[in-house]
Structures are given as C-alpha cells and as structure tokens.
Amino acid sequence: MVAKVFDQYQTLLLDLDGVIYEGENAIVDAVPSITAMRDSGIKVGYITNNSSRKPETIASQLRGFGLELAVEEVISSAQAGVELLSTMIPAGSKVLVV
C-alpha cells in the first residue's frame, strides 16, 4: 500500500531533524526507506528551516548515515529566502536583513 502512495510522486522532500535524524543519530529505518525510494526512481530533496549549517555540512552528516546525495539536494531556509528575494529585488541592491 505504501509503495502505491509514493508511486504517485516524482519527488520527495524530507525535513531533517526528527525525520531523518535526531541529534547525531539516524531515525530507525529512515536511511533504508529513503534509499529504497531513491532506488525506485523517486528524486529526494532534503530541506531544513535551520540555516545555521551549510548544505555541505548537512550533506556530509547525511552521508555519514549511509545516504547517497549531492550537496545540491540540500536546501535550507536561507537559500530559499535568497532565491525568493532574487525575484523581488534587482541584482546589486543593498538589503538590510533584520
């Protein structure tokens, strides 16, 4: 039944803390489940609202759990904010973020 639900989607976006890991430990069955979905052809993206760590650092942590991923598959809230602002503000503008 679960496979049929995921068969309807092309991409799976996963939150990190509490979904893939808790602290320094992977959530039970998270890694094999994600690997199985990737192996079935579903693209996986890793998203977080924590902008205190670089995507490279997050990708390295996820690889340490046994996941295969590219740094570009990790998207933080800071990256999303920059992308949004780039559509609203001309390039080269001075911006004060408070």
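**Entry 1: the sheet**

Over how many bridges do β1 and strand β4 pair, and in which sense? I looked this up in a predicted model, and the count is five bridges, with β1 and β4 (residues 43–48) running in the parallel sense. For one concrete contact, I picked Leu13 and found its bridge partner in β4 to be Gly45.

Then I stepped back to the whole sheet. Three strands make it up, in the order β1-β4-β5, and the sheet is open with parallel pairing. The edges belong to β1 (11–15) and β5 (74–76); each has a single partner strand, so one side of each is left without a neighbour in the sheet. I also noted the twist: neighbouring strands are turned by 30 degrees against each other on average, direction ignored.

**Entry 2: helix α2 and its surroundings**

Next I asked myself what α2 lies across. I found β1 and β4 under that helix, which runs at about 135 degrees to β4.

Which residues of α2 are buried? I wrote down Ala30, Val31, Ile34 and Met37. They span an arc of only 130 degrees around the axis, so they sit on the same side of α2. The helical repeat helped me here: with 3.6 residues a turn, residues three or four places apart point the same way.

I checked both ends of this helix too. In the loop between β3 (25–26) and α2 (30–39) I came across Asp29. Its phi is positive, about 70 degrees, although Asp29 is not a glycine. Asp29 is exposed, at a relative accessible area of 52%. After α2 comes Gly41, again with a positive phi, near 105 degrees.

**Entry 3: helix α3**

I repeated the exercise for α3. Its buried residues are Pro55, Ile58, Ala59, Gln61 and Leu62. Their arc around the axis is only 160 degrees, which places them on the same side of α3. What covers them? My list includes β2 (21–22), β4, β5 and α4 (77–86). Just past the end of α3, I noted Gly66 with a positive phi of about 110 degrees.

**Entry 4: a salt bridge**

How many salt bridges does the count come to? I got one. It joins the side chains of Glu73 and Arg38, at 2.8 Å from N to O. Glu73 is in the loop between α3 (55–64) and β5, while Arg38 belongs to helix α2, so this pair links distant parts of the chain, 35 residues apart.

I wanted to know whether each partner is buried or exposed. Glu73 is buried, with a relative accessible area of 18%; I checked that against the cut-off, which is under 20%. Arg38 is partly exposed, at 30%.

**Entry 5: an aromatic pair**

Last, I went looking for aromatic rings that pair, and the count again came to one. The partners are Tyr21 and Phe65, with ring centres 6.0 Å apart and planes at 40 degrees, so I logged the pair as tilted. Tyr21 is part of strand β2 and Phe65 of the loop between α3 and β5, so the pair ties together parts 44 residues apart in sequence. I also looked up the exposure of Tyr21: this residue is buried, with a relative accessible area of 7%.

Terms used
Residues numbered from 1 in each chain as written. Predicted model: local features only at pLDDT ≥ 70, side-chain atom pairs only at ≥ 80, totals over all residues. Heavy atoms only, no water. Helix = DSSP H or I, 4+ residues; strand = E, 2+ residues; numbered from the N terminus. Buried < 20%, exposed > 50% of the residue type's maximum accessible area, 1.4 Å probe, protein only. Pairing = 2+ DSSP bridges. Axes fitted to C-alpha atoms, helices over the stretch in contact; angles between N-to-C directions. Contact = heavy atoms within 4.5 Å. Salt bridge = Lys/Arg side-chain N within 4 Å of Asp/Glu carboxyl O. Arc of directions from axis to C-beta. Phe/Tyr/Trp six-rings, centres within 6.5 Å; stacked < 30°, edge-to-face > 60°.
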